[in-house]
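User: Hi! I'm new to reading protein structures, and I'd like to learn how to describe helix packing and cavities. Could you walk me through an example?

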Amino acid sequence: MGSSVAMEIDDDEYAKLIRRMNPPRVVIDNDCCDDATVIRVDSVNKHGILVEVVQVLTDLNLIITKAYISSDGSWFMDVFNVTDRDGNKVWDKEIVSYVQTSLESDACFFPKLRNSVGVMPSKEHTSIELTGTDRPGLLSEICAVLTDLNCNVVKAEVWTHNTRAAAVVHVTDESTKGAIEDPLRLSTIKELLCNVLKGNNTSRTAKMMVSAGLTHTERRLHQMMFDDRDYEKIDLSWEGEKSRPQVAVMDCSEKDYTIVILRSKDRPKLLFDTVCTLTDMQYVVFHGTVLTASAEAYQEYYIRHVDGLPISSEAERQRVIQCLEAAIERRASEGLELELRTEDRVGLLSDITRIFRENGLRVRRADISTVRGKAVDTFCLSETSGNPVEAKIIDSLRQQIGQTSLKVKQNSLPPPRPPTTGSLLGNFFKICSFQSFRLIRSYS
């Protein structure tokens, strides 16, 4: 054990030396491209750097329209074409400065336990992680239990996929407005929430964990759902028709890589979701190309496992395909997306989710936050059958919650399942594959 710790320290000191000799360089250029800001990042290579860089960009709500990735050898080079949410170049000096500072910092390129749980305790809130079987009304029941236990939800993110649900919830004590530290009370919260998560289903486990650490919430949700094996195929007929991402995994024997190609509907944070999943599955992206056009996204990666070997079995190949499909689907925006802005109060989330349940709605995703005393919440909803929400139900929600408090952000019908696309997809891959390295010229 002592030698292992010493080795980690030596490795860390060596990494610091290499880092000082080769500091990362970030160039942000608004002149070389007509319709996007180009960000180029060069640094000493380290496993996980790609996720860290993409995380910085997506956390600022920047849209990555094109990317070239290369990390062969000991050097890492990425080029990103980005825009703001409105499709414009990034001119805001504060955002440009933040990107430059963040990507050139040690915290980004040499993170210390950044993705661990329970590293740095927070006195402001208690972080609760939940996984269990999804069902209509689940979030409402969880919020009701927390309200009864005098816990106020100040921030939360909830994902559902493939009958599974995962949530990271930040709560405070109603009386102290701070973190809950009493072990007996935490034990009671855990027991009651686990009972809610289990429901009537005993075939799949329910988990609740109290975490005092700091972690990137969206990456943690990916990890939680992966650990809960939400990627395993089951009967999805209850979820209604929906378009599925297309994922192909093939060999590149002459270069000893595995090629992963993804094609799906484009959306914000798509690149983060895929590279996060590959990284957490212990794969290294050596080269990659990302393109978006006509609301479609194309991603191509040349990968190996961290042990240096490409994918060697059909079982591993199918597992990668399933996990990448799940990573893309977890955040898919289909159905009614509502934004709630109102004065925050204890029990607000419990009341709102109860109204959803009473109107026959199921929460597919939720993003809960509190900003300067105001609740700013986004919910993605469908009917319990999986069908889109009718206009009369939207009117009912507004009457009960408040006309000015509730805003419809999106109410899209799920797109029909595409026809058999074997030949079309094969032609697409044939045209696009093995062209990644030529695309770097388009950035010059």
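Analyst: Happy to! We'll look at a pair of helices and then at cavities, keeping in mind that this is a predicted model.

User: At what angle do helix H2 and helix H8 pack?

Analyst: Helix H2 covers residues 49–59 and helix H8 covers residues 270–280; they pack at an angle of about 155 degrees, and their axes lie 9 Å apart. Angles over 145 degrees count as roughly antiparallel, so H2 is roughly antiparallel to H8. Their crossing is left-handed.

User: Which residues of H2 and H8 meet?

Analyst: On the H2 side you'll find Leu50, Val51, Val54, Gln55 and Thr58, and they meet Leu271, Phe272, Val275, Cys276 and Thr279 of H8. Sorted by class, this contact has 7 nonpolar residues, 3 polar ones and no charged ones.

User: Now cavities, please. How many of 30 Å³ or more are there?

Analyst: A cavity is a space where a probe fits but cannot get out. The count here is 9 cavities of 30 Å³ or more, and the largest has a volume of about 180 Å³. It is lined by 22 residues, of which Asp134, Leu138, Leu139, Val158 and Val363 are the closest to its centre.

User: Which element gives the most to the lining of the largest cavity?

Analyst: That is H5, with 4 residues. Among the elements that each supply at least two residues of this lining are strand S5 (126–133), strand S6 (151–161) and helix H10 (348–358).

User: And how do the residues of that lining divide by class?

Analyst: The lining of the largest cavity has 12 nonpolar, 6 polar and 4 charged residues.

Terms used. Residues numbered from 1 in each chain as written. Predicted model: local features only at pLDDT ≥ 70, side-chain atom pairs only at ≥ 80, totals over all residues. Heavy atoms only, no water. Axes fitted to C-alpha atoms, helices over the stretch in contact; angles between N-to-C directions. Parallel < 35°, antiparallel > 145°, perpendicular 65-115°, else oblique. Left-handed = near helix turned anticlockwise from the far one by under 90°. Contact = heavy atoms within 4.5 Å. Nonpolar A, V, L, I, M, F, W, Y, C, P; charged D, E, K, R; others polar. 1 Å grid on protein atoms, 1.4 Å probe; cavity = no way out; pocket = protein on both sides within 12 Å on 5 of 7 lines; lining within 4 Å. Points joined across faces, edges and corners; volume = space filled by probe spheres on them.
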